[in-house]
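Here are a few worked exercises to try with the model open in your viewer. Have a go at each task before you read the solution.

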Amino acid sequence: MGEVRKLQKKLRQIENLEIKVSLTPEETVKVSKKAEFRSRLAELLLQLSGPQQTHCIVGEQEDKMKRQVEDAAEHHRGHTPAVKVAREDDQLREESREDGGKNRERGGQTQNISDSPGPPDPDSEFRSLKASWESVKFRLRTVEGHSDIVTCVAAVDNLVISGSRDTTVKVWHVPTATEQRNLGGHSGGVTCLNVPPAEYCRSLASALRLGEKERFVLSGSSDCCVRIWTLSSGQCVKSVYTFNTVTSLCFIAAGGGYIATGSDAGKLQVWDWLSQENRQSVNAHLDAVTTLQSQGPLVFSGSVDGSVCVWEVRDGGPEPLRRLQGWGSEVTGCGGGEEAGGRLRLSARGDRIFLACGRASIRVLNWRTGTVSRLTNHSSTAGVTDCVNQIPGVLIGSSFDLTTGESTLNLFSLPQCKYLVSLTSSDLPRILCFAAWLTPSGGHRWVTGGRDLTVWEQLQGNVKKRGDVTVRRDGRLDNSLTESDGDSEEEESEDGDEDSTPQDASDAEEVATSSWLRCVLQ
């Protein structure tokens, strides 16, 4: 396993190097060896797995065997021995006579036991949800326009907004897959986006004497600025200089509204929505704040150092946020390090926070108690989880295979965190950011970003073309939620690596320059 761990570590380093702005000659040589390392790793894994692969059957073959087992069991249930049947019939007739006497004593009030509803099946809802996703169909459309990696995406109505390391924000019309607006103004890479709720857009539009239906989009950048743009015209109506590289932001829908920003130095700042005045500045983390999310009266922040904080919104006070709870990397298990690529993303639901930190599993943190579980998001330690998000009743985690270069979206039911299906397509690039919304007809529409900006459109009926999304099931992800008992397998494989390759300045620089990707996933 020693060589496998070394190859996985090298591939992880190469993947993180490939998304840098520029490479040194030494890094270029390292990246050029990716195909060689992948081929060797695949060969080793095949030798190690051997006949064990037969224990994990994926897709149609698994379903076919399940149906065969179920049919066989049903066949045996339908062929009960004749002696046993006779005895059961005699017993049933005896019980019927006794019940009849009792019912007559009660005044003839009878109830047929066979007509009474049985206990509810706790898994019926999950089976129905799984069946619906197993039959889902998506078609992918790639929209072109950015000249560099797409670091963040957002959506509103029929529009997709994308931010890129090329310093631009672009607005796309989804039905026609055309670029509608190019919002240029940042002098550094765009790291994060957010679309405030409509009611808060109306209040700012009124203050600026714009139409009441105007919608705005917020963008943060490494140029230390947060800009407020109109979606109708692409005009920048406000710009806030934060004095720090903006690595994440979110909108707080409380009172008159607030903008929360996170910096590359761990600072959390809060700005008034209408006046853009600074209301609060606090050193929340020891390293870059890579993710912010507002949910009702709470705000969640996460850092590249693996720490997570929960804040209570106190509208009307001198400082809008009060820290409720904080957990360090020793609890979350999400210490940054080069294997994580300098990233941490979160998606909160009630008492639980789902964390993606560049490893093969999603961490599930109960922020009230500090207990952590692991949700397996890849069948081996060669997987990378870059982002995590939610749609009604479903948790979605991206998964990238360092060995094969395959990218997938894994779906889990909520709140059970039970594995549903995996969605993938040939040549689908690594997914670094994700947004989802519903069409007016109730269909799913998603957008993913990375090397490409891709729109996922749910199809109706049985129409399917080559290149459409493939739905499959990986049996190795079933029963994947486990209690965390310290370092997981993937951490051990990285930390225990006795790689002879020195950690030179280029590797250190790799982590330091990964701030381009620190964005909010809404």
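## Exercise 1: the two sides of a short helix

Start with the outward side: the face of α2 turned away from its buried side carries the exposed residues Pro-25, Glu-26 and Ser-32. This is a predicted model, so treat what follows as a reading of a prediction.

**Task.** Work out which residues of helix α2 (residues 25-32) are buried, and why they end up on the same side of α2.

**Solution.**
- Step 1: pick out the residues under 20% relative accessible area, the cut-off for buried. In α2 that gives Glu-27, Lys-30 and Val-31.
- Step 2: look down the axis. These residues cover an arc of only 100 degrees around it, which puts them on the same side of α2.
- Step 3: turn to the opposite face, and you find exposed residues there, among them Pro-25 and Ser-32.

## Exercise 2: salt bridges, local and long-range

**Task.** Find how many salt bridges the model has, then sort out how far apart in the chain the partners Arg-40 and Glu-43, Arg-322 and Glu-312, and Arg-139 and Asp-468 sit.

**Solution.**
- Step 1: the count. Searching for a side-chain nitrogen of Lys or Arg within 4 Å of a carboxyl oxygen of Asp or Glu turns up 17 salt bridges.
- Step 2: a pair inside a helix. Arg-40 and Glu-43 join side chains at 3.0 Å, N to O. Both belong to helix α3 (residues 34-49) and are 3 residues apart, so about one helical turn separates them. Arg-40 is partly exposed at 30% relative accessibility, and Glu-43 is partly exposed too, at 39%.
- Step 3: a pair between strands. The closest N and O atoms of Arg-322 and Glu-312 are 2.7 Å apart. Arg-322 lies in strand β17 (residues 321-327) and Glu-312 in strand β16 (residues 308-313), so this pair ties together parts that are 10 residues apart in sequence. Arg-322 comes out partly exposed at 37% relative accessibility, and Glu-312 is partly exposed at 26%.
- Step 4: the long-range pair. Arg-139 and Asp-468 meet at 2.9 Å, N to O. Arg-139 is in strand β1 (residues 138-143), while Asp-468 is in the loop between β29 (453-458) and β30 (470-472), so to speak a link between distant parts of the chain, 329 residues apart. Asp-468 counts as buried, at 7% relative accessibility.
- Step 5: a network. Salt bridges also link Lys-130, Glu-134, Arg-473 and Asp-478.

## Exercise 3: two open sheets

**Task.** For the open sheets that contain β2 and β1, give the strand order and say which strands stand at the edges.

**Solution.**
- Step 1: one sheet has 4 strands in the order β2-β3-β4-β5, with antiparallel pairing. At its edges stand β2 (150-156) and β5 (178-183); each has a single partner strand, so one side of each is left without a neighbour in the sheet. From one strand to the next, the twist averages 25 degrees.
- Step 2: check a pairing. Strand β4 (residues 169-173) and β5 run antiparallel over 5 bridges, and Val-171 faces Arg-181 of β5.
- Step 3: the other sheet also has 4 strands, ordered β1-β29-β28-β27 and paired antiparallel. Its edges are β1 and β27 (431-438), each with a single partner strand, so one side of each has no neighbour in the sheet. Here the twist averages 20 degrees between one strand and the next.
- Step 4: between β1 and β29 there are 6 bridges, with Thr-142 opposite Thr-454 in β29.

## Exercise 4: a covered hairpin

**Task.** Is strand β10 (residues 246-252) mostly buried or exposed, and which residue between β10 and β11 takes a positive phi?

**Solution.**
- Step 1: run through the accessibilities. In β10, 7 of its 7 residues are buried.
- Step 2: find the partner. Strand β11 (residues 258-263) runs antiparallel to β10, joined by 6 bridges, and Phe-251 sits opposite Ile-259.
- Step 3: go to the turn. There are 5 residues between the strands, and Gly-255 has a positive phi near 60 degrees.

Technical notes: Residues are numbered from 1 along each chain as its sequence is written. This is a predicted model: local features need pLDDT of at least 70, side-chain atom pairs count only at pLDDT 80 or more; totals for chains, interfaces and linings use all residues. Side-chain values use heavy atoms; hydrogens and water are left out. Buried means under 20% relative accessible area, exposed over 50%, partly exposed in between (1.4 Å probe, protein chains only). Two strands pair if DSSP finds at least two bridges between them. The arc is that of the directions from the helix axis to the C-beta atoms. Axes are lines fitted to C-alpha atoms, for helices over the stretch in contact, and angles run from 0 to 180 degrees between N-to-C directions.
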